[in-house]
Amino acid sequence: MATNASGAGSGTATEGEPSAPTDPDAETFIDTAATWAAGLRYGRIPAAVRRAAAAQFASTLGAAVWTLDHPIGDRVLDTVRDEFPAGEGPAATLPGAGPMPVRGACYGGAALAMAMDFDDTVLGGHTGHSAALVPYLYAEARGAALDHPGRRALTAHVAANEIAARVASAAAVGPFRGQQTAYVHSVGAAVARGVVERDDADTLADAIAIALGQPPWPLVPDFLGSDAKVLSAAEPTCSGLSAVAAARNGLRGNPDAVEAEDGFLDEFADLPLPEFLGGLGDRWHTRAVTVKPYPGCAYVTAPVHAALAVRKRVRDAVAGTGDGRASITGVRVDGSLFSHEVDSLAGRYTDRTESPLASLNFSIPYNVAVALRDGEHTPRQLHPDRVGDEAVWELADRVTVAHDPTFTLRALESEVPLGAMLRRVGWRVVPYSARSVGAVTALRNLPTLLRFVQKRPLPDDLSGADKAMGARVTVRLADGREFAETVEHPPGFAGRALDETRAIARRKLSDALAARGAASDDARRTARELRDVHETDATLAAIDAVLSP
């Protein structure tokens, strides 16, 4: 089905049919998005959306700085220095590496923020690696040429979020979700740079169309079985930046690239939802922000949080029995079907102490086990020294992951990450699910799927959108006693209080700075200034200023 820019459908498509516009005079999404972004001003963004974006920025920075404590961070910095030699164009600060060409800072920042899966999301996906970094880096590079650079950068950040997230939302019922929607970074980077540097709507439209011209198609073996995932945002970010330069130099893009026959939605969505392309300036996807309190896939968060909650009770129960942790004979994690399937997929690439970082990010047994042993879950638990401890893996061997339909239903009833989209699919959700998870699993969960056969309205206000991705962790001791904790809605996830989410983002960055040697007072002050960059005009140079040499 085609849609005009307002999201009003002009036709009806059935499964397998192309999404071609029926009205050749209707303005395309790309044209409308470019006009909206070029005209967006700071004062038109609702205060709650600005605060949500600022939390996303601090969270993304925190994820990047934490990665500097892992060997993969050094490899990223070495790659950036090789690929982006000093002195090539305007400079911006890449945390841990100092001033460098702004393109290199964008590339390196995206890679560092991606590495630990310690990122953030809005409705539509993981936009922050590009949308929440590129505008601030380009604003720093422009320096004195900008009035109120923090406000200009945040405006570009929100514009990039809103446009990239809509593209991903419209294609959410398809082969890619989450961090595999790498194309969002081509779009996000193009919009972010174009808005910071005040390109006109025509140039911006060409840049977005060019950025979507060769969208990435990630391969699972590389994504989970190697370090290639680290670059899954960095590479398309540079493509988006180049698309802006191409458009400025007269190269044209096809503004119908999203909706046209054989266009983006035809190729990247099994069941296109073009109605999600509308609502710019009314439905703010940024408001449905999630900031992860722990590194790892979002489906790992609730199990880790529950494991930490149950740990104290278990330790008290085994006090005086020698090595109390050895008294744990089993750990059961009940979660949604998504958790179960993601963990099963990660298991194909997990190799105990030799596991790639990417597969560890998705492994529920490892993350639950290390949280139970250490009483914390930070990027320290993903350092090779910790991953190499066989005692952690011996406990992980006792962790089983099971599906509890109540968690699946609750997750699907949430707007984020997929519920809002599935509500628009109708009866086609049944065959789609059968293809995605297999006919047997789909039939077993048919009662849950049938709840989505009746289409429901598109949400027009995401201030209350939630992301209830829960789990229950049950620890069994050698004497038969069991201790269980349930987390229905993890902290920092969409639907929780925005003040809580902002505090988690600030603490993530502050703790990352402290882990790198910053004095605690300096770490807290810098984290606050950067989280509130739209008011303070702080730059990423503030991070290097407080880090130890």
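# Exercises on a predicted protein chain

S130 belongs to helix α5, residues 128-131; helices (H or I, at least four residues) and strands (E, at least two) are DSSP runs, numbered from the N terminus. The model is predicted: local features need pLDDT of at least 70, side-chain atom pairs count only at pLDDT 80 or more, and totals for chains, interfaces and linings use all residues. Residues are numbered from 1 along each chain as its sequence is written, and side-chain values use heavy atoms, with hydrogens and water left out.

**Exercise 1.** Determine whether S130 is buried or exposed, and which residues it touches.

*Solution.* Step 1: the relative accessible area of S130 is 1%. Buried means under 20% relative accessible area, exposed over 50%, and partly exposed in between (1.4 Å probe, protein chains only). S130 is therefore buried. Step 2: contact means heavy atoms within 4.5 Å. Not counting residues up to four places away in sequence, S130 touches P135, V184, H185, G188, A189 and T237. Step 3: with H185, the side chain of S130 also forms a polar contact of 2.8 Å. Such a contact is a pair of N or O atoms within 3.5 Å; within protein, one must be able to donate a hydrogen and the other to accept it, and residues adjacent in sequence count only if both atoms are side-chain atoms.

**Exercise 2.** Assess the overall form of the protein chain from its radius of gyration.

*Solution.* Step 1: the protein chain contains 27 helices and eight strands. Step 2: its radius of gyration is 23 Å, close to the 24 Å that the globule rule gives for 549 residues, so the chain is as compact as a globular protein of that length. The radius is taken over C-alpha atoms, and the rule is 2.2 Å times the number of residues to the power 0.38. Step 3: the C-alpha trace spans about 75 × 60 × 40 Å along its principal axes. Step 4: 60% of the 549 residues count as buried. Step 5: among contacts between residues at least 6 apart in sequence, 77% join residues at least 24 apart.

**Exercise 3.** Locate L540 and K229, and list their contacts beyond four places in sequence.

*Solution.* Step 1: L540 is found in the loop between α26 (533-536) and α27 (541-546), and its relative accessible area of 3% makes it buried. Step 2: L540 touches F57, L61, T93, P95, Y136, L137, E140 and L530. Step 3: K229 lies in the loop between α10 (220-225) and α11 (234-248); with a relative accessible area of 4%, K229 is buried. Step 4: the contacts of K229 are M114, D117, Q179, D222, F223, A358, N361 and F362.

**Exercise 4.** Identify the backbone features at P417, R198 and R352.

*Solution.* Step 1: most residues other than glycine have a negative phi, and most peptide bonds are trans. Step 2: V416 and P417 are joined by a cis peptide bond, with omega about 5°; P417 is in the loop between α19 (405-413) and α20 (419-422). Step 3: R198 has a positive phi, near 60°, and is found in the loop between α8 (183-196) and α9 (201-211). At 46% relative accessibility, R198 counts as partly exposed. Step 4: the phi of R352 is also positive, near 45°, and R352 is placed in the loop between α14 (337-347) and α15 (357-360). R352 counts as partly exposed at 28% relative accessibility.
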